[in-house]
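Work through the exercises below with the sequence and the 3D view open. Each task is followed by a solution in steps.

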Protein chains: 2
Amino acid sequence: MGTPKPLEAASLPTLSMTRSPSLAEQAADAIVTGISSGVLKPGQRLVETELAGMLHMSRVPLREALKILEAQGIVESIPRRGTRIAHFNDDRVDQICKARIALEQLAMATSASRYKREPSLLDGLDRIIVSMERAASRLEWIDVSKADLSFHREICRVSENSIVLTLWETLARHVFIVFGHEIRDERDAAIMGPHHRKIRDLLAAGNAHALNDEIERHILRLRLKRK
Amino acid sequence: MGTPKPLEAASLPTLSMTRSPSLAEQAADAIVTGISSGVLKPGQRLVETELAGMLHMSRVPLREALKILEAQGIVESIPRRGTRIAHFNDDRVDQICKARIALEQLAMATSASRYKREPSLLDGLDRIIVSMERAASRLEWIDVSKADLSFHREICRVSENSIVLTLWETLARHVFIVFGHEIRDERDAAIMGPHHRKIRDLLAAGNAHALNDEIERHILRLRLKRK
DNA sequence: TGGTGTATAATTGTATACAAACGATCGTAG
DNA sequence: CTACGATCGTTTGTATACAATTATACACCA
């Protein structure tokens, strides 16, 4: 141990082995996607047996998924009285935006200095923007949303603050659901790329003040256009 | 329905029926307490069978607890390769503090206006401060920590931002663990009450700027005195 | 001697089965 | 007719059991 280590390390960017996520994680994602797409409705009661059947799994991994979502505030459960999907009214969207601003401003503040030191890290953002534009041009809004969240997740990752990343994962699920309830058209598709590119450029420049302003605008834009 | 409603409503402050938390929640709390007290060590591998035995329950609720803690970043798990307790080095404590400042400043900003409108809400904080001082006078640090976290949770609750409250619950577990690794003595006990009373007074006055400063100092104080 | 392949043990992932608690419905007494 | 109480069905909480994957140790071959 120690001799054959540098044989080919760092030959590829990351070479990440995405170990297939557990059934519980898959179920949690499926439920969130279901809420986002409107198949599952806010306030709806979730019966474990039914859901397990829908997702072709037994109750055990499904319950694990519900526990995850409960910890993240997506569903609310009262012991021995069942689980319901949380409500997503205008107030809550407001709250989500506020929390997002606070969290992302922190992530930006930390990551900006790192992006300035290591400009190669910007490649990660560029790749995501490209895939976002591709999805937007096809009006595939679910993929656009996922790319959007990936963009901000990448910034949290670069900030090297694991707590911020953890909190973001929770918040991202809420944002994804809000995205799903938005109405979007070709004009929205056209601005997705430029908007994120502007944030990318500000990160590259390291202009802290402008970043804070831009992020706030970027996030609050959502609050205006809801069903 | 409707006639016998006001028979004795509002006779007690809340009269909250704390439905016994599920075994999963109990297990999650127990694990966090174990990390905080040093029984479980950062980086340690958690074998499901062993832990379930220690906590006198089967693997199913224990696994639910691990999923919760994984979503909160307390433990890290690789599918089919087990679960480990996250590391809590100085860097991470730094990250926790930064996230705490961002989150609590948001909570304070929202709750301050409400405390000014409804001063009776301050009673909740006062009660917690009293119990905190009582625990501090006996040097029962675990109870002090719990009261401390309750104090800040109460502020998040009053801010009426459920997302902030959800994120706080996650962060609070990290903070609780950090508290556990602190060394505290009689001098610390003496300042617990006054420190929190100052925050309470600033909330009552609604001085936003002073609040932000005070919160930052209050939180960063921890970073100085660690093992 | 270093590396590769295989067998075994340990651990996690999932499913099934049972027990307990809750809500609702119906019946009965005042 | 109303209020209380019991019974039943549904749903959740938990335990046990089995399947699948992985790590480790050891033998074998270049």
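**Exercise 1: a helix and its surroundings**

Task: Find what the buried residues of H3(A) pack against.

Solution. The buried residues of H3(A) pack against H1, helix H2 (48-54), strand E2 (75-78) and strand E3 (82-85) of chain A, together with helix H1 (23-37) and H3 of chain B. The model is a predicted one. Next, list the buried residues themselves: Pro61(A), Leu62(A), Arg63(A), Glu64(A), Ala65(A), Leu66(A), Lys67(A), Ile68(A), Leu69(A), Glu70(A) and Ala71(A). Eleven of the 13 residues of H3(A) are buried, so the helix is largely enclosed by the rest of the structure.

Then check the length of the helix. At 1.5 Å a residue, the 13 residues of H3(A) should span 18 Å, and the end C-alpha atoms are 18 Å apart, which agrees. Last, look just past the helix: Gly73(A) has a positive phi of about 80 degrees there.

**Exercise 2: the surface near DNA strand C**

Task: State how many residues surround DNA strand C and which are the closest.

Solution. DNA strand C is surrounded by 19 residues, and the closest are Leu23(A), Met57(A), Ser58(A), Arg80(A) and Glu48(B). Now assign the surface to elements. Helix H1 (23-37) and helix H3 (59-71) of chain A each supply at least two residues, as do helix H2 (48-54) and strand E3 (82-85) of chain B. H3(A) gives the largest share, three residues. Sorted by class, the surface near DNA strand C has nine nonpolar, five polar and five charged residues.

**Exercise 3: the surface near DNA strand D**

Task: Name the residues that come nearest to DNA strand D.

Solution. Of the 19 residues around DNA strand D, the nearest are Glu48(A), Leu23(B), Met57(B), Ser58(B) and Arg80(B). At least two residues of this surface come from each of H2, H3 and E3 of chain A and H1 and H3 of chain B. The largest share, three residues, is that of H3(B). The classes are eight nonpolar, five polar and six charged residues.

**Exercise 4: the sheet of chain B**

Task: Give the order of the three strands in the open sheet of chain B.

Solution. The order is E1-E3-E2, with antiparallel pairing. Strand E1 (45-46) and strand E2 (75-78) of chain B are the edge strands, each pairing on one side only. Follow one pair: E1(B) and E3(B) run antiparallel and are joined by two bridges. Leu46(B) has Thr83(B) in E3(B) as its bridge partner. Finally, add the helix: H3(B) lies across E2 and E3 of chain B and runs at about 110 degrees to E2(B).

**Exercise 5: the contact between chains A and B**

Task: Find which helix gives the most to the side of chain B that touches chain A.

Solution. Start with the contact, which takes 31 residues from chain B and 31 residues from chain A. On the chain B side, helix H3 (59-71), helix H4 (90-117) and helix H7 (162-180) each supply at least two residues. H4(B) gives the most, with eight residues. By class, this side of chain B has 15 nonpolar, ten polar and six charged residues.

**Exercise 6: one residue**

Task: Decide whether Ala189(A) is buried, exposed or partly exposed.

Solution. Ala189(A) is found in helix H8 (residues 186-205) of chain A. Ala189(A) has 19 C-beta neighbours inside 10 Å, so it counts as partly exposed, since a buried residue needs 20 or more. Leaving out residues up to four places away in sequence, Ala189(A) touches Ala136(A), Ser137(A) and Leu139(A).

Notes: Residues numbered from 1 in each chain as written. Chains lettered and ligands numbered in written order. Predicted model: local features only at pLDDT ≥ 70, side-chain atom pairs only at ≥ 80, totals over all residues. Contact = placed C-beta atoms within 7 Å. Helix = DSSP H or I, 4+ residues; strand = E, 2+ residues; numbered from the N terminus. Nonpolar A, V, L, I, M, F, W, Y, C, P; charged D, E, K, R; others polar. Near = placed C-beta within 6 Å. Expected span 1.5 Å × (residues − 1). Buried ≥ 20, exposed ≤ 12 C-beta atoms within 10 Å, placed from the backbone. Pairing = 2+ DSSP bridges. Axes fitted to C-alpha atoms, helices over the stretch in contact; angles between N-to-C directions.
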